[in-house]
Amino acid sequence: MSSGLDSSSVGVLAAQKLSAEQKTLYSYTFTPYDKTIKDARTHTISDESALVSEIARMYPNINTTFLNNEGKNVFEDYGICSNLLEMPYKTGAISNHYEICRESAKEGCKILLTGGYGNKTVSFGNIQHILYQLYLNNDYQKLFQWAYHYAKHMKFNYPKLMYRALRGFHHAKKQQPPSLERFRPANFYLKKSILENYDLQKRFLNDIHNTANGYYMDQRNHHAQLTSPQLLIYLGVFETKFGLNTGLLLRDPTKDIRMLTFCCQLPYTMFACEGIPRRLIRNGFNGLLPDSIIHNWGGHGLLNIDWVSRIQKDWEHIKPNILNILSTTNAYPVSQHICMEHLLKDIESFGTDSITDNKTIVHICAIYNLLYFLQTPKND
């Protein structure tokens with residue numbers, strides 16, 4: 001359970017039900033190993049333990065546990081998670097999720113509730129997306145009123161906010177429907193030649209979830225994301241494999257078919273009605289969650305915030321393993337599409353600039369994880 005509106009809403013409803021039966025809800029929260037790491041962006045929450053503890057004070061039958069994967073970096077768990085999932089995976093918080101499954105199972109838990117899909121369903125409502133939809137609908141009266149209400153609450157400069165929003169909306173609308181002629185691999189270590197062997201354009205055209213234009217998401221794209229088979233299957237792999245490995249039943253109520261159906265039937269603008277981001281869940285859980293969460297419009301937690309610093313700390317041990325994997329890539333077709341010179345240069349300079357490190361390590365990890373998966377013998 002984080003302090004976000006999705007998993008916390010699942011948690012308090014479960015706590016209420018269990019309290020009536022005089023039972024305890026055990027919650028597990030990931031916290032940073034390095035408590036000094038802070039995010040420079042406004043309104044972000046680097047360590048959610050204080051807010052989770054505040055929720056637990058409202059519901060005394062919640063027993064909290066805070067984990068940090070013993071300070072391990074993501075490379076240390078690649079072997080375990082890759083072999084368990086039987087597929088390469090996007091780097092990030094996967095090993096932390098597995099730790100929560102593993103530790104909760106040790107405590108005798110049989111069902112693990114999550115809220116991972118809530119950002120697309122019950123707690124969806126990014127103000128920029130909804131204002132963009134009003135722009136597409138030519139509903140300028142609501143657009144200006146709602147933007148003003150949001151700017152006033154957040155203490156933003158309203159004229160500046162509207163100028164930037166309208167300029168962005170105009171540009172995004174001109175690009176509809178999304179054009180793939182200028183499509184480039186998101187991983188900048190991959191050459192454009194990869195598109196000659198792997199027809200990603202055709203694949204993406206069949207999946208609107210991947211072709212949402214720019215930052216703004218209109219109603220059509222939102223509905224496509226809600227029900228994207230590729231995304232739901234991908235998430236289902238984690239739930240199934242982690243569940244089978246630990247003996248847990250993983251359930252995400254925010255991804256339940258009834259929740260998906262409900263959210264698809266709602267008017268799109270209701271999710272941030274009157275300029276209140278995530279309006280649906282804020283109204284529904286007013287009084288059920290602490291005011292510090294309900295009324296903090298801009299606040300959101302950053303899961304795994306210290307993951308790059310963990311890699312930086314252990315880089316001298318990590319780097320030889322990466323170079324070893326890269327030195328044996330020639331047997332795999334994908335190797336011809338990797339710009340090895342660019343990749344090796346950034347590996348050598350990693351750790352010298354924190355801003356650059358945050359940009360490059362995601363792509364370095366992705367290539368390493370793919371090659372590691374290809375080169376590692378699989379268990380029968």
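Tutor: Two residues are in contact when heavy atoms lie within 4.5 Å. The model is predicted. Start with α5.

Student: What covers the buried residues of α5?
Tutor: The buried residues of α5 include I127, H129, I130 and L131. Also buried in α5 are Y132, Q133, L134 and Y135. The elements that cover these residues include α6, α7 and α10 (219-226).

Student: How many of the 10 residues of α5 are buried?
Tutor: Buried means under 20% relative accessible area. Enough of α5 meets this for the helix to be largely enclosed by the rest of the structure, because the number of buried residues among its 10 is eight.

Student: Now α6. Which helices do the buried residues of α6 pack against?
Tutor: The buried set in α6 is L143, W146, A147, Y150, A151 and M154. These residues pack against two helices, α5 (127-136) and α7 (158-174).

Student: What arc do the buried residues of α6 cover around the axis?
Tutor: L143, W146, A147, Y150, A151 and M154 are the residues to place. They sit on the same side of α6, because their arc around the axis is only 135 degrees.

Student: Which exposed residues does the face of α6 turned away from its buried side carry?
Tutor: The buried side holds residues such as W146 and Y150. Turned away from that side, the face of α6 carries the exposed residues Q141 and K152.

Student: How far apart are the end C-alpha atoms of α6?
Tutor: Helix α6 runs over residues 140-154. Its 15 residues, at 1.5 Å a residue, should span 21 Å. The model agrees with that expectation, because the end C-alpha atoms are separated by 21 Å.

Student: Is L143 buried or exposed?
Tutor: L143 lies in helix α6. Outside its sequence neighbours up to four places away, L143 touches L131, L134, Y135, M162, L166 and F169. Its relative accessibility is 0%, so L143 counts as buried.

Student: What separates the C-alpha atoms of L143 and W297?
Tutor: Along the chain, L143 and W297 are 154 residues apart. In space, their C-alpha atoms are separated by 18 Å.

Student: Which residue just after α6 takes a positive phi?
Tutor: Most residues other than glycine have a negative phi. Just after α6, a phi of about 60 degrees belongs to K155.

Student: What is the phi of N138?
Tutor: N138 is in the loop between α5 and α6. Its relative accessibility is 48%, so N138 counts as partly exposed. N138 is not a glycine, yet its phi is positive, at about 60 degrees.

Student: What is the relative accessible area of Q22?
Tutor: Q22 is found in the loop between α1 and β1 (25-30). Phi of Q22 is positive, near 55 degrees. Exposed means over 50%. Q22 is therefore exposed, with a relative accessible area of 77%.

Student: Which residues does S7 touch, leaving out those up to four places away in sequence?
Tutor: S7 is found in helix α1 (residues 5-20). S7 is buried, because its relative accessible area is 13%. Beyond residues up to four places away, S7 touches M1, S2 and G115.

Student: At roughly what angle do the axes of α3 and α4 cross?
Tutor: Helix α3 is residues 78-85, and helix α4 is residues 94-106. Their axes come within 10 Å. The two helices are roughly perpendicular to each other. The crossing angle is roughly 80 degrees.

Student: How many residues of the contact of α3 with α4 are nonpolar?
Tutor: From α3 come I80, C81, L84 and L85. From α4 come I94, S95 and Y98. One residue of the contact is polar and none is charged; the nonpolar ones number six.

Terms used
Residues numbered from 1 in each chain as written. Predicted model: local features only at pLDDT ≥ 70, side-chain atom pairs only at ≥ 80, totals over all residues. Heavy atoms only, no water. Axes fitted to C-alpha atoms, helices over the stretch in contact; angles between N-to-C directions. Helix = DSSP H or I, 4+ residues; strand = E, 2+ residues; numbered from the N terminus. Parallel < 35°, antiparallel > 145°, perpendicular 65-115°, else oblique. Nonpolar A, V, L, I, M, F, W, Y, C, P; charged D, E, K, R; others polar. Buried < 20%, exposed > 50% of the residue type's maximum accessible area, 1.4 Å probe, protein only. Expected span 1.5 Å × (residues − 1). Arc of directions from axis to C-beta.
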